[in-house]
Amino acid sequence: MSSGEIKIYRLAEVEQHKDRSSTWIVINNSVYDVTSFLEEHPGGEEVLLEKAGGDSTEDFEDVGHSTDARELMEKYKIGELHEEDRFAEKSKEKTTTEESKSSCSIF
């Protein structure tokens, strides 16, 4: 990705890239094309292919990747997920809606 230029992707577009020929993943709402990294991934290509076309944030964070791994990610970053498709935002909205429903009392 050239500096200063951030491409925005919709989730529907990311979801189309979920096989060996084109493997995209989302981590912390950033979109990565990891196709060329499949064979190099220390955890094996299956790990990446399993989450291809979707959000890998939780799995990525649970593993506890090193600073070096996080720096290497930048090489594969191709853009950001569109605001309306962001995973954290959707989770927050759902939680807020559920909380407001459960805090309503019936008289």
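**A walk through the sheet, cores and pocket**

Let us start at one residue: setting aside neighbours within four places in sequence, V31 is in contact with Y9, V14, W24, I25, V26, Y76, K77, I78, G79, E80 and L81. Please keep in mind as you look around that this is a predicted model. V31 sits in strand β4, which covers residues 30-33. Is V31 buried or exposed? V31 counts as buried because its relative accessibility is 0%, and the cut-off for being buried is under 20%. I8 lies 23 residues away from V31 along the chain, and 8.7 Å separates the C-alpha atoms of the two.

From V31 we can step out to the whole sheet. The sheet is open and has 5 strands, arranged in the order β1-β5-β4-β3-β2 with mixed pairing. At its edges are β1 (8-9) and β2 (18-19), each of which pairs on one side only. As general background, strands of a sheet pair through backbone hydrogen bonds, and they can do so in a parallel or an antiparallel way.

Begin at the β1 edge. Here β1 pairs with strand β5 (residues 77-81) in the parallel sense, over 2 bridges. I8, which we met above, has E80 in β5 as its bridge partner.

Now cross to the other edge, where β2 and β3 run antiparallel and are joined by 2 bridges. In this pairing, K18 stands opposite T23 of β3. The link from β2 to β3 is a hairpin through 2 residues.

A hairpin also connects β3 and β4, again with 2 residues between the strands. N28, in the turn of the β3-β4 hairpin, has a positive phi of about 50 degrees. β3 and β4 run antiparallel and are joined by 4 bridges, and I25 finds its bridge partner in Y32 of β4.

How many residues of β3 are buried? The count is 6 of 6, so to speak a strand that is mostly covered. Both of its faces are covered: S22, W24 and V26 are buried on one side, and T23, I25 and I27 on the other.

That brings us to the nonpolar cores. The largest has 10 residues in all: I25, I27, Y32, V34, F37, L38, L48, F60, M73 and Y76. One of these residues, M73, is in contact with I27, Y32 and F60 once neighbours within four places in sequence are left aside. Apart from this core lies another, of 8 residues, including Y9, V14, W24 and V31. So our starting residue belongs to this other core of 8 residues. In soluble globular proteins, nonpolar side chains tend to be buried together.

Last, we come to the open space. The largest pocket has a volume of about 440 Å³. Which residues lie nearest its centre? They are F37, H41, L48, F60 and H65, out of 21 residues that line the largest pocket. Two or more lining residues come from each of β3 (22-27), α2 (45-51), α3 (57-63) and α4 (67-73). Among the elements, α2 gives the largest share of the lining, 4 residues. By class, the lining of the largest pocket holds 14 nonpolar, 4 polar and 3 charged residues. F37, L48 and F60 appear both in the largest nonpolar core and among the residues nearest the centre of the largest pocket.

Conventions:
Residues are numbered from 1 along each chain as its sequence is written. This is a predicted model: local features need pLDDT of at least 70, side-chain atom pairs count only at pLDDT 80 or more; totals for chains, interfaces and linings use all residues. Side-chain values use heavy atoms; hydrogens and water are left out. A nonpolar core is a set of buried Ala, Val, Leu, Ile, Met, Phe, Trp, Tyr and Cys residues joined through side-chain atoms within 4.5 Å. Buried means under 20% relative accessible area, exposed over 50%, partly exposed in between (1.4 Å probe, protein chains only). Contact means heavy atoms within 4.5 Å. On a 1 Å grid over the protein atoms alone, a cavity is a set of points where a 1.4 Å probe fits but cannot get out, and a pocket is an open set with protein on both sides within 12 Å along at least five of seven lines; lining residues have an atom within 4 Å of a point. Grid points are joined across faces, edges and corners, and a volume is the space filled by probe spheres set on the points. Ala, Val, Leu, Ile, Met, Phe, Trp, Tyr, Cys and Pro count as nonpolar, Asp, Glu, Lys and Arg as charged, and the others, Gly among them, as polar. Two strands pair if DSSP finds at least two bridges between them.
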